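Colleague: I would like to understand how the words used for a structure follow from its values. Could you take me through the reasoning, one term at a time?

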Amino acid sequence: MATNILRRAASSVMKETFLTGTLRRSYASVAVGTDIVSAAPGVSLQKARSWDEGVSSKFSTTSVKDIFKGKKVVIFGLPGAYTGVCSQQHVPSYTKNIDKFKAKGIDSVICVAVNDPFVMNAWAEKLKAKDAIEFYGDFDGSFHKSLELGKDLSAALLGPRSERWSAYVVDGKVKAFNVEGAPSDFKVSGAEVILEQI
């Protein structure tokens, strides 16, 4: 009987999480202190580029280890290229603050989304952000899945995507981590917040 009560309670919590989206992800595998390279073993991302650049590079990828090891990196993830909050607020917050990040010794500011690198490239060019920010595609969502930051956004016709989040990472170790309560929120993952955390 006690087992049935526990099962019903767990089921109720799961339903509340999926239906309201109000509960925080308490079991994400990334948090302050996490080694992001170990959390996403063998995972690679695809640097934003044109189709022709992809062909000439034989569709090369960049390992998570190469992105983070020995560097100070600010990375932010968002639901998708060309979407509202991502285009109008999230990326611009980092673009306009790039000099402040450089002044704090940040080696690179990275934007990652569950998109292919060709879409990411066109979007970065449209936003005139490619010179300031490095854009990467997580084409199959494996990076976000490894960090338990994946999000089903089928209701918005986007399919499997990611949470909206940001992190400050030094030599692979997460020093600050922020995730929004909902992908449409823009309260804790912008440049101004993480600048205060560095």
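Modeller: Let us begin with Lys47, which counts as partly exposed at 37% relative accessibility; please keep in mind that this is a predicted model.

Colleague: Why is Lys47 called partly exposed?

Modeller: Its relative accessibility is 37%, and since buried means under 20% and exposed means over 50%, Lys47 falls in between and is therefore partly exposed.

Colleague: What makes the pair of Lys47 and Glu134 a salt bridge?

Modeller: The closest N and O atoms of Lys47 and Glu134 are 3.9 Å apart, and because the cut-off is 4 Å between a side-chain nitrogen of Lys or Arg and a carboxyl oxygen of Asp or Glu, the pair qualifies as a salt bridge. Lys47 belongs to strand E1 (residues 44–47) and Glu134 to strand E5, so that the link joins distant parts of the chain, 87 residues apart. Glu134 is partly exposed too, because its relative accessible area is 26%, which lies between the limits of 20% and 50%.

Colleague: How many salt bridges are counted by this rule, and which residues are joined into one network?

Modeller: The count comes to four salt bridges, and those that share partners join Asp35, Lys69 and Lys173 into one network. In one of these bridges the side chains of Lys69 and Asp35 meet at 4.0 Å, N to O. Lys69 lies in the loop between helix H4 (64–68) and strand E3 (72–78), whereas Asp35 lies in the loop between helix H1 (2–20) and helix H2 (36–39), so the pair ties together parts that are 34 residues apart in sequence. In another, the side chains of Asp35 and Lys173 meet at 3.9 Å, N to O, and here Asp35 in the loop between H1 and H2 is linked with Lys173 in strand E9 (residues 173–179), 138 residues apart.

Colleague: Within that network, why is Asp35 called buried, and what are Lys69 and Lys173 called?

Modeller: Asp35 has a relative accessibility of 18%, and because buried means under 20%, Asp35 is called buried. Lys69 at 34% and Lys173 at 36% lie between 20% and 50%, so the term for them is partly exposed.

Colleague: How do you know that the length of helix H5 agrees with what is expected?

Modeller: Helix H5 (residues 84–95) has twelve residues, which at 1.5 Å a residue should span 16 Å, and since its end C-alpha atoms are 16 Å apart, the two values agree. The buried residues of H5 are Cys86, Ser87, His90, Val91, Ser93 and Tyr94. As a general point, an α-helix has 3.6 residues a turn, so residues three or four places apart point the same way.

Colleague: What makes the link between Asp140 and Ser142 a polar contact?

Modeller: Their side chains come to 2.9 Å, and because a polar contact requires a pair of N or O atoms within 3.5 Å, the value satisfies the distance limit. Asp140 lies in the loop between strand E5 (134–137) and helix H8 (142–146), and with a relative accessible area of 37% Asp140 is partly exposed.

Colleague: Which residues make the nonpolar surface patch?

Modeller: Trp51, Val55 and Phe59 make the patch, which covers about 310 Å², and Trp51 is found in helix H3 (residues 51–56).

Definitions and conventions. Residues numbered from 1 in each chain as written. Predicted model: local features only at pLDDT ≥ 70, side-chain atom pairs only at ≥ 80, totals over all residues. Heavy atoms only, no water. Helix = DSSP H or I, 4+ residues; strand = E, 2+ residues; numbered from the N terminus. Buried < 20%, exposed > 50% of the residue type's maximum accessible area, 1.4 Å probe, protein only. Polar contact = N/O pair within 3.5 Å; in protein donor to acceptor, adjacent residues only side chain to side chain. Patch = residues over 30% accessible without salt bridge, like charges linked within 9 Å, V, L, I, M, F, W, Y side chains within 5 Å. Areas by Shrake-Rupley, 256 points an atom, 1.4 Å probe, with all protein chains shown as cover. Expected span 1.5 Å × (residues − 1).
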